[in-house]
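The exercises below concern surface exposure, salt bridges and pockets. Work through each task before reading its solution.

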Amino acid sequence: RASEDLGVKKAKQPFRTQFLLAILGGAFVGLGSLFAMITISGSEGMMAYGLTRLLMGVTFSLGLLLVVLAGAQLFTSDCLMVMAWASGRLSIGRMLRVWTTVWAGNFVGSIGLAVLVFLAGHYMSGKGEVGATALYLASYKSGLPPEKAFFMGILCNVLVCLAAWLSLSARSLTDKVLAIIFPISAFVAAGFEHCVANMFFI
């Protein structure tokens, strides 16, 4: 019921509110992506692969934590609006309009942050290691076969929606943090693909 109520509430927001909150959501996920990218820069050969991915996942969790705790909108977690549609409280047309608006806003926010990071010359950090990591991630992700990227995106979104779902049961800030960190860390550690994070990376 909490998921349905939230989906209906989001769908009733004015377009401007949805779009601006989605810009924030894209920027927040971009900040989590940036944090994760910095964390693994220069780590090749220093740590086991699994530990590196785990550390990347924990730091990437910042993105969804900011979205949930600060109240932004994110395309991947807004997929839970399907619960309100399934219960008959939201039309499919309204749901698709919200998803389109939020996806576009996430794109603007993530690209905007990427531009700021570039203009700040942040890629030169760590003697250029951060820039090298950014180039590697962008090259790898843009080179994925479409069918592989699609199914890895589904697997990612299962875990993102689970994190958002679990956070609905939280009674405190600590509950929300703990509910979010493990599913998000799991999808990053597994190498699944987050469409909004990829907007920033690519």
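**Exercise 1.** Classify L119 in this predicted model as buried or exposed, and place L119 in its helix and its surface patch.

*Solution.*
1. The relative accessible area of L119 is 64%. Exposed means over 50%, so L119 is exposed.
2. L119 belongs to helix 7, which covers residues 92-119.
3. On the surface, L119 is part of a nonpolar patch together with W103, F107, V108, I111, V115, F118, Y123 and M124. Together these residues, L119 included, have about 880 Å² of accessible area.

**Exercise 2.** Find the salt-bridge partners of E4, and state for each residue whether it is buried, partly exposed or exposed.

*Solution.*
1. Side chains of opposite charge can pair when their charged atoms come close. The cut-off used here is 4 Å between nitrogen and oxygen.
2. E4 pairs with R1 at 3.6 Å, N to O.
3. E4 also forms a salt bridge with R89, where the closest N and O atoms are 3.3 Å apart. This pair links distant parts of the chain: E4 lies in helix 1, R89 in the loop between helix 6 (82-86) and helix 7, and they are 85 residues apart.
4. Buried means under 20% relative accessible area, so E4, with 16%, is buried. R1 has 68% and is therefore exposed, while R89, with 39%, is partly exposed.

**Exercise 3.** Describe the salt bridge between D78 and K10, then say which residues are joined in a network by salt bridges that share partners.

*Solution.*
1. The side chains of D78 and K10 meet at 2.6 Å, N to O.
2. Because D78 is in helix 5 and K10 in helix 1, the bridge ties together parts that are 68 residues apart in sequence.
3. D78 has a relative accessibility of 1% and so counts as buried. K10 is buried too, with a relative accessible area of 15%.
4. Through shared partners, R1, E4, D5 and R89 are joined into one network.
5. The count of salt bridges in the model comes to five.

**Exercise 4.** What is the volume of the largest pocket, and which helix gives the most to its lining?

*Solution.*
1. The volume of the largest pocket is about 670 Å³. Its lining has 31 residues, of which I40, R53, M56, Y136 and L137 are the closest to the centre.
2. At least two lining residues come from each of helix 2 (15-40), helix 3 (49-60), helix 8 (129-142), helix 10 (173-190) and helix 11 (195-201).
3. Helix 8 gives the most, with seven residues.
4. By class, the lining is made of 17 nonpolar, nine polar and five charged residues.

**Exercise 5.** Describe the second largest pocket in the same way, by volume, central residues, helices and residue classes.

*Solution.*
1. The second largest pocket holds about 410 Å³ of space. Among its 20 lining residues, L6, K10, V68, A72 and L168 are the closest to the centre.
2. Helix 1 (2-12), helix 4 (62-70), helix 5 (75-78) and helix 9 (146-167) give two or more residues to this lining. Helix 1 gives the most, with five.
3. The lining residues divide into nine nonpolar, seven polar and four charged.
4. To connect this with Exercise 3: K10, one of the residues closest to the centre of this pocket, is the salt-bridge partner of D78.

Key. Residues numbered from 1 in each chain as written. Predicted model: local features only at pLDDT ≥ 70, side-chain atom pairs only at ≥ 80, totals over all residues. Heavy atoms only, no water. 1 Å grid on protein atoms, 1.4 Å probe; cavity = no way out; pocket = protein on both sides within 12 Å on 5 of 7 lines; lining within 4 Å. Points joined across faces, edges and corners; volume = space filled by probe spheres on them. Helix = DSSP H or I, 4+ residues; strand = E, 2+ residues; numbered from the N terminus. Nonpolar A, V, L, I, M, F, W, Y, C, P; charged D, E, K, R; others polar. Patch = residues over 30% accessible without salt bridge, like charges linked within 9 Å, V, L, I, M, F, W, Y side chains within 5 Å. Areas by Shrake-Rupley, 256 points an atom, 1.4 Å probe, with all protein chains shown as cover. Buried < 20%, exposed > 50% of the residue type's maximum accessible area, 1.4 Å probe, protein only.
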